[in-house]
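I opened this notebook to record what I looked up in one protein model, going from an enclosed space to the overall shape and then to single residues. The entries are kept in the order in which I checked them.

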Amino acid sequence: MRIEQLECIAAVTRTGSLRRAAVDLHLSQPALSETVRNLERELGVDLLDRRRSGARLSEQGRELLPHIVEVLESVDRLRRAAHDQHHSSRTVRVGTVNAATVPLLMPAMRQFRAAHPATQVEVVGTQQEDIHRGLREGAFDLGLVNYLQGDDTPPDMETTELLRGRPVVCMRPDSPLAALDVVTPAELLTEPVIAMRAGYVMHRYTHRLLEGRTPSFSYATDGAEVGKLMVAEGLGVTVLPDFSVEGDPLERAGLLTCRSLSDTATRVLVVVQRPRSGSFPRAARELRAALVEQAALHTRTRTEHAPAGGDA
């Protein structure tokens, strides 16, 4: 039995005649008739009632028609799914809060690009809530999200920890705070503060660190990358995870540095998430694998270069 045979029966049912069905299917009428007869012989029933006025489904054909339609609909769903999978495999969409762009996302994208030169990676920087919504609605394949250690993660998301680090103060080397080894909340308040907008983990952390106190002047921005650029331009200081600053091109160029905070207990986590349900295209799986590999490499490198007794 072939799908084409079932499609012929459906066409005869739809048009009411072998002639019109043959036109719809771009077949000759004898070829269509032979296709239907072969199916009838295979099934052992007469599916069509053939008359001078035309062909229509026989009583047996009408009884079998729902099963024929069900098979054709399943085939159609399979074809659409295969088309969608092929299309999605050419683009991987990542929502990210940007904190791990330099140490994690960029190296993973380079690794992925080398193995998949024809697959595009679309990166959208946004807040955690928007990333979760995009994952649930299919707008993103993967999400890179920050948590503070101990935070709950959504039960409908598969969550894999990639990096963990400590909050630090990011500043220019000529900032007065750069002369300190450790910065207290009171000392942080002496400088203009570039804060993440509400909806980012570092906004929540900074508010908790300052215990509701506000600096004399502050900015609000979206994401770590913009925050670092503002710091490099001398607009103030910001609080970020250490892994977001260390190795950044602006730090390598001498435009940024960072100092530890007096809070030594808090850890910031970067995780990669995807919905537990739904399809997971191969390209997205392989980009996630690259993220995991680069995270392990970054963590190993930091550990090797950490001072004795240090906690990365």
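**The cavity**

I began with the enclosed space, and the largest cavity in this predicted model has a volume of about 90 Å³. Of the 13 residues that line the largest cavity, I noted those closest to its centre, which are Val-97, Asn-146, Tyr-200, Val-201 and Met-202. I then asked how many cavities of 30 Å³ or more the count gives, and the count comes to one.

Next I looked up the character of the lining of the largest cavity, and I found that its residues divide into nine nonpolar, four polar and no charged. I also checked which elements supply at least two residues each to this lining, and I recorded helix α8, residues 201-209, and strand β11, residues 238-241.

**Overall shape**

I turned to the protein as a whole and noted twelve helices and 13 strands. Why does the protein count as more spread out than a compact globule? The radius of gyration of the protein is 30 Å, and the globule rule gives 20 Å for 312 residues, a value that the model is well over, so I wrote the protein down as more spread out than a compact globule. I set beside this the box that the C-alpha atoms fill, which is roughly 100 × 35 × 30 Å when taken along the principal axes.

For burial I recorded that 45% of the 312 residues of the protein count as buried, and for the surface that the protein exposes about 16,500 Å², of which carbon and sulfur atoms supply 51%. I also looked at how contacts are spread along the chain: among those between residues at least 6 apart in sequence, 74% join residues at least 24 apart.

**Tyr-200, back at the cavity**

I returned to Tyr-200, which is among the lining residues closest to the centre of the largest cavity, and I placed it in the loop between β9, residues 193-196, and α8. Is Tyr-200 buried or exposed? Its relative accessible area is 9%, which is under the cut-off of 20%, so I entered Tyr-200 as buried.

Leaving aside neighbours within four places in sequence, I listed Val-97, Thr-126, Gln-127, Asp-222 and Gly-223 as the contacts of Tyr-200, and Val-97 is also one of the residues closest to the centre of the cavity. I noted too that Tyr-200 and Ile-3, which are 197 residues apart in sequence, lie 52 Å apart in space from C-alpha to C-alpha.

**Three further buried residues**

I looked up Val-183 in strand β8, residues 182-183, and found it buried at 0% relative accessibility. Not counting residues up to four places away in sequence, Val-183 touches Val-169, Leu-177, Leu-188, Arg-259, Ser-260, Leu-261 and Ser-262. For the first residue of that list I also took the spacing, and the C-alpha atoms of Val-183 and Val-169, 14 residues apart along the chain, are separated by 7.5 Å.

I then went to Glu-40 in helix α3, residues 29-43, and asked whether this residue is buried or exposed. At 6% relative accessibility Glu-40 counts as buried, and its contacts, with neighbours within four places in sequence left aside, are Val-45, Asp-46, Leu-47, Leu-48 and Arg-50.

I found Gly-134 in helix α6, residues 128-137, where it counts as buried at 5% relative accessibility. Leaving aside its neighbours within four places in sequence, Gly-134 is in contact with Ala-139 and Phe-140. The C-alpha atoms of Gly-134 and Val-123, eleven residues apart along the chain, are separated by 12 Å.

**Backbone entries**

I kept a last check for the backbone, with the reminder that most residues other than glycine have a negative phi. I flagged His-26, which has a positive phi of about 60 degrees although it is not a glycine, and I placed it in the loop between α2, residues 18-25, and α3. His-26 is exposed, with a relative accessible area of 72%.

I flagged Asn-98 as well, since its phi is positive at about 80 degrees and it is not a glycine. Asn-98 lies in the loop between β3, residues 91-96, and α5, residues 101-115, and at 17% relative accessibility I entered Asn-98 as buried.

Terms used
Residues are numbered from 1 along each chain as its sequence is written. This is a predicted model: local features need pLDDT of at least 70, side-chain atom pairs count only at pLDDT 80 or more; totals for chains, interfaces and linings use all residues. Side-chain values use heavy atoms; hydrogens and water are left out. On a 1 Å grid over the protein atoms alone, a cavity is a set of points where a 1.4 Å probe fits but cannot get out, and a pocket is an open set with protein on both sides within 12 Å along at least five of seven lines; lining residues have an atom within 4 Å of a point. Grid points are joined across faces, edges and corners, and a volume is the space filled by probe spheres set on the points. Helices (H or I, at least four residues) and strands (E, at least two) are DSSP runs, numbered from the N terminus. Ala, Val, Leu, Ile, Met, Phe, Trp, Tyr, Cys and Pro count as nonpolar, Asp, Glu, Lys and Arg as charged, and the others, Gly among them, as polar. The radius of gyration is taken over C-alpha atoms; the globule rule is 2.2 Å times the number of residues to the power 0.38. Buried means under 20% relative accessible area, exposed over 50%, partly exposed in between (1.4 Å probe, protein chains only). Contact means heavy atoms within 4.5 Å. Accessible areas come from the Shrake-Rupley method with a 1.4 Å probe; for residues, only the protein chains shown count as cover.
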